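Subject: Structure handover and findings

Hello,

Here is the structure for you to look over. My notes follow below it.

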Amino acid sequence: MSSLFEKTFPYGSLLESTTVIRNYASEHKGLGVIACVAVVFGLGPTLRKRFFAWFNNRVTKMKNEEYEALKRGAFADLATQKSSDPEFQKANGLRILEIGVGSGTNFSFYPDGSHLTVVDPNPYFADYYYENKKKFPNIKAETVIVSYGEDMDMVESNSVDAVVVTLVLCSVKDIAKVISQIKRVLVPGGRFYFIEHIQEWDRSSHGYRWILQHILTWFKIWPFLFEGCNLNRNPLPFIQSVGFSDVQYERLYAPMPAKVFMIASPHLKGIATK
Ligand SMILES: C[S@@+](CC[C@H](N)C(=O)[O-])C[C@H]1O[C@@H](n2cnc3c(N)ncnc32)[C@H](O)[C@@H]1O
């Protein structure tokens, strides 16, 4: 861990202060997270991107078994889906595009023999991504594109069997554009798998959460701390209106790794078929 950390923060005093915070964070998860993100205010845009990559990788490792179970359920159909390409069918693999891949948290859900193309605009995730990828030699991931989900013209139309997006649509600049790109690149019958945190839907039971989500987002506090993440979005209408032949979805409260993240517990998961 320390070598990865030092690679991300090769700056003397910054390293010392963030090391203190890192140690504190491992002992007091919730408070440590708050202390950690407080540092972000002192960083410029590039360092913030680096910090976010490091921070996100840490939080991802904190996610518990229940969250993994949620993902397993959401991605179960990947194992039974058949590629439209005869070569991939023979190998029981799929051509998968993952948008906003970050440090690569979904490899374990992909069928052996699959070919993965990934897109992410933040190049500072690369070290974490390649480190994780080493554990999954069964997945071929030759194409890594540093770009936005809105600008994926380099990915051919009707060329992938599945598109996977987890915790990304909260941050994109134009949800409608990303969703229409997803539909464009999927083969007919291809599937879009999504897991996203969304705006609180039950205001009578969780009104305080709805209010906090809006305040933190309107005043740009959460987006500033978490690289453009908005707490008050609902991508479902965009997914339902782009022309998929079928959209299956479920709203649920996801288990979070620390209390401070309960604000992002309302989740949407589902599969849209082209
Ligand atoms: C919270 S992280 C989630 C990473 C990973 N999908 C996961 O579930 O662990 C959000 C990711 O979305 C990426 N992202 C932000 N804006 C994006 C955009 N417009 N297009 C594609 N990816 C984007 C970020 O760089 C980051 O990797």
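First a term: two strands pair if DSSP finds at least two bridges between them. Helices (H or I, at least four residues) and strands (E, at least two) are DSSP runs, numbered from the N terminus. This is a predicted model, so local features need pLDDT of at least 70, side-chain atom pairs count only at pLDDT 80 or more, and totals for chains, interfaces and linings use all residues. Residues are numbered from 1 along each chain as its sequence is written, and side-chain values use heavy atoms, with hydrogens and water left out.

**Overview**

The protein has 11 helices and seven strands. Of its 274 residues, 50% are buried. Buried means under 20% relative accessible area, exposed means over 50%, and partly exposed lies in between (1.4 Å probe, protein chains only). A contact means heavy atoms within 4.5 Å. Take the contacts between residues at least 6 apart in sequence: 70% of them join residues at least 24 apart.

**The sheet**

Seven strands form an open sheet with mixed pairing, in the order 3-2-1-4-5-7-6. Strand 3 (140-145) and strand 6 (246-253) are at the edges. Each has a single partner strand, so one side of each is left without a neighbour in the sheet. From one strand to the next, the twist averages 15°. Angles run from 0 to 180 degrees between N-to-C directions, and axes are lines fitted to C-alpha atoms, for helices over the stretch in contact.

Strand 1 (residues 95-99) and strand 2 (residues 115-119) run parallel, joined by five bridges. Isoleucine 99 has valine 119 in strand 2 as its bridge partner. Helix 7 (residues 126-133) lies across strand 2 and strand 3. Its direction is at about 170° to strand 3.

Now strand 7 (residues 266-273). Eight of its eight residues are buried. In a regular strand the side chains alternate between the two faces of the sheet. Both faces of strand 7 are covered. One side has Pro266, Leu268, Gly270 and Ala272; the other has His267, Lys269, Ile271 and Thr273.

Strand 7 has antiparallel links to two strands. Seven bridges join strand 7 to strand 5 (residues 186-197), and eight bridges join strand 7 to strand 6. Which residue in strand 7 is the bridge partner of histidine 197? The partner is histidine 267. Leucine 252 also stands opposite histidine 267.

**Methionine 256**

Methionine 256 is in the loop between strand 6 and strand 7. With a relative accessible area of 14%, methionine 256 is buried. Beyond its neighbours within four places in sequence, methionine 256 is in contact with Asn64, Tyr67, Phe261, Met262, Ala264, Ser265 and His267. Glutamate 66 is 190 residues away along the chain, yet its C-alpha atom is separated from that of methionine 256 by 8.9 Å.

**Salt bridges**

Side chains of opposite charge can pair when their charged atoms come close. A salt bridge is a side-chain nitrogen of Lys or Arg within 4 Å of a carboxyl oxygen of Asp or Glu. The whole structure has seven. Three of interest:

- Aspartate 161 and arginine 95: the closest N and O atoms are 3.0 Å apart. This pair links strand 4 (residues 160-166) to strand 1, 66 residues apart. Both aspartate 161 and arginine 95 are buried.
- Lysine 90 and glutamate 87: the closest N and O atoms are 3.3 Å apart. Both lie in helix 6 (residues 86-90), three residues apart, about one turn of the helix. Both are exposed.
- Lysine 134 and glutamate 131: 3.5 Å, N to O. Lysine 134 is exposed at 62% relative accessibility, while glutamate 131 is partly exposed at 36%.

**Arginine 233**

Arginine 233 is in the loop between helix 10 (221-225) and helix 11 (236-241). Arginine 233 is buried but has no salt bridge. The nearest side chain of opposite charge is glutamate 150, 7.2 Å away. For charges, Lys and Arg count as positive and Asp and Glu as negative; His and the chain ends are not counted.

What does the side chain of arginine 233 reach at 2.6 Å? The backbone oxygen of leucine 169. The backbone oxygen of cysteine 170 lies 3.2 Å from a polar atom of the same side chain, that of arginine 233. Outside its neighbours within four places in sequence, arginine 233 has contacts that include Ser171, Val172, Ile175, Ile198 and Gln199.

Best regards

Notes:
A polar contact is a pair of N or O atoms within 3.5 Å; within protein, one must be able to donate a hydrogen and the other to accept it, and residues adjacent in sequence count only if both atoms are side-chain atoms.
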